[in-house]
Amino acid sequence: MAPENGFAVRAEGVSRHYTMGSALIRAVEDVTLGARTGEFLALLGSSGSGKSTLLNLMAGLDRPTSGTIFAQGRNLSEMNAVELARYRSRTVGMVFQSFNLLPRMTLEENVELPLRLAEVDRAERAKRVQGALEHVRLEKRLAHRPSELSGGEQQRAALARALVNRPAILFADEPTGNLDTATGEAILLLLQEIQRTLGMTIVMVTHERPLAERFAGRIVTLADGRLVSDGAKS
Amino acid sequence: MKARDLGELAVRNLREAILRNSLTTLGVAVGVASLVAMLSLGVGLQELASKRLANSGLFDTVLVTSRRNLRDFGRPPAKNSTAAEQLRALDDDARHEMERLPNVVEVYPQIRFPTEVRYAGNLYQTVVAGIPPSARGNGAFDGVQGAFFSSPGADEAIVQIEFAKELSEQTSTLIGKELVVRYVERQPLPSPTASADPGKTGNATQTSTPNSGDAQAGGFSIVPREKILHIVGIIETEPAAGFGGFGNGRLFIPLDVASALRAAQVNDLREAVRTSTGKPTYASLTVRATKPSQVGAIEASIKSMGFATFSLLDATKNLRLFFTIFDLLLGIFGSLALAVATLGIINTLVMAILERRREIGILKALGAADRDVKQLFFVEAGVMGSLGGVFGVGMGWLIGRGVTWGTNLYLQRQSLPPAHVFSVPWWLVLGAIAFAIIVSLSAGLYPATRAARLDPVEALRYE
């Protein structure tokens, strides 16, 4: 356990290497980075810069080759698989570029899924699902399947699913990558609103500097797996 | 994840690929049906054989003879045998004592004697056997053409088919006809000490016998007699009722009638030369137990009373062993189809992992532990196994009904009585369903483990 020092999540000297054939890929190399509680942090970089890998490490989807990640004061490296799953379920919410809604389920069922995994009581679930969908203004599309929604609506539904468990940290991996500019901006406005109203920590991966500069409170740039800049918006 | 949520998600997933999962479930059902059909056939045949053998009296009867039968005529007494054992007579006292033993249904004497039958002016040689009233309900006369005796004391006869063919070419016309049985009756003679005039014995043969109630008498005379009997039935097969029971009899009459005839039997001469206890004795008695498993205890009790016994107890053990092996082999053959169905489950679930790779990644990203994913696939396998098991038992039962129907149709055409060759007991129903679930869960073990081990990052990248 390490002191939080105001950080919701913090990576210290984190590296992630993997082999592809005979080649050793250094996806993330010795990165030290923290997101303060309530901060909207953008990880900026070109394709292959290691930003999504770093996001996955901080979200507990992957384990670093070396270094440590602290989230809410706990060292993710010391967690076993069950604890890590609980961390993803109760502390973290995730939004993906390709929405990752389950196509066979309705919006209501998709949003309810994290609550099932977190073993929330049934009576409580309905209220929370309704609240989350109202937050993203999709409360009238409960019974629709993802294929019946536009891209923006799907991403809003994914956002509702990420929020329904009231996570402390929201990780968003290229949330606007599959959307047109206007819809992407609408999504980021929604993220900004959530961060401001709920005081949630948001770590967003993007390769679009203008959007990052417009909506994020802090921008960190990665290149070739290394952190090249960390600071306020230019 | 909670069990109810797991169940709901599993059923939902199965419904999404309904055709493939239905076919896999059908495969399990066919496997279970094969297993149930095979084992039901084995159980049914075992029950049929047990019932027929039990009815035959081979396994639930003890043949009791006096030890004196074995030790007479100058043979030395057995070592360690008491004088009481050697002298114990198989008389009415002994019969009543045996009737009072626990789990004894009935005790009756074996009465068989040679006769001359007169029918339609012709004479025929044959053997008459006395039949106890219990033979009506034990299946020995199930195939009788006509009827069983109207009462234990009725002057009626049932004719064995081979003898009936001797009497008439049209055997069915014999029913309702009369025949005359000629036999020799034992008649007691007064003791030589009581009777000084041997001329009173008339033309009868004088011996010294206790067998016919001529106790302490001067012997018995044998007198030719005739008895008119009404033919009430014809039996196709030779009804058995234990070793030495009705065997070799060709003309069956009620036991009470046979006793009343006091017909001279084969062992009468042997008894005649032996020292008597002064009471009527039997050559042998048949003791029927409530069930074959009681035979051993009854035999031991009768032996301790001083009599010799004989039963086919060991044969019942061998019969059980035979059917245990038979059922095992049928079970193995029946399980082959289930083994193929197991491969179907593995294939279906492995395909599901490939198709749902991304979904597994999403579940993990949302907080599903490896255990949750594993349980989800397990439950899906279990649901397929349960449904397959239930449908399979139903199909197996239908197959059994079909086999029974076909068998009875064949038996009917062969003029044989119907038989239940198929039996689906409750233990088989529950066992087959449980077995199907266990097999399905075993089949789901590999796919479930593989799904649980999926790297969520890799799974999320999968398109």
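Where is A:Pro103 found in chain A? In this predicted model, A:Pro103 sits in the loop that runs between strand E6 (92-95) and helix H3 (107-117) of chain A. A:Pro103 counts as exposed because 12 C-beta neighbours lie inside 10 Å, and the cut-off for an exposed residue is 12 or fewer. Leaving aside residues up to four places away in sequence, A:Pro103 touches A:Arg145, A:Pro146 and A:Ser147. A:Glu148 is 45 residues from A:Pro103 along the chain, with 9.7 Å between the two C-alpha atoms.

We turn next to the contact between the chains. Chain A contributes 19 residues and chain B contributes 16 residues. On the side of chain A that touches chain B, helix H2 (81-90) and H3 of chain A are the elements that give two or more residues. H2(A) gives the most, with six residues. By character, this side of chain A comprises 10 nonpolar, three polar and six charged residues.

Chain B also offers a sheet to look at. Its four strands form an open, antiparallel sheet in the order E2-E10-E1-E11. Strand E2 (104-109) and strand E11 (307-310) of chain B each have a single partner strand, so one side of each is left without a neighbour in the sheet. From one strand to the next, the twist averages 25°. Strand E1 (residues 61-66) of chain B is joined to E11(B) by four bridges, in an antiparallel arrangement; B:Val64 has B:Thr309 as its bridge partner in E11(B). Helix H5 (residues 92-99) of chain B packs on this sheet, touching E1, E2, strand E10 (284-289) and E11 of chain B. The direction of H5 makes about 160° with that of E2(B).

Definitions and conventions
Residues numbered from 1 in each chain as written. Chains lettered and ligands numbered in written order. Predicted model: local features only at pLDDT ≥ 70, side-chain atom pairs only at ≥ 80, totals over all residues. Buried ≥ 20, exposed ≤ 12 C-beta atoms within 10 Å, placed from the backbone. Contact = placed C-beta atoms within 7 Å. Nonpolar A, V, L, I, M, F, W, Y, C, P; charged D, E, K, R; others polar. Pairing = 2+ DSSP bridges. Axes fitted to C-alpha atoms, helices over the stretch in contact; angles between N-to-C directions.
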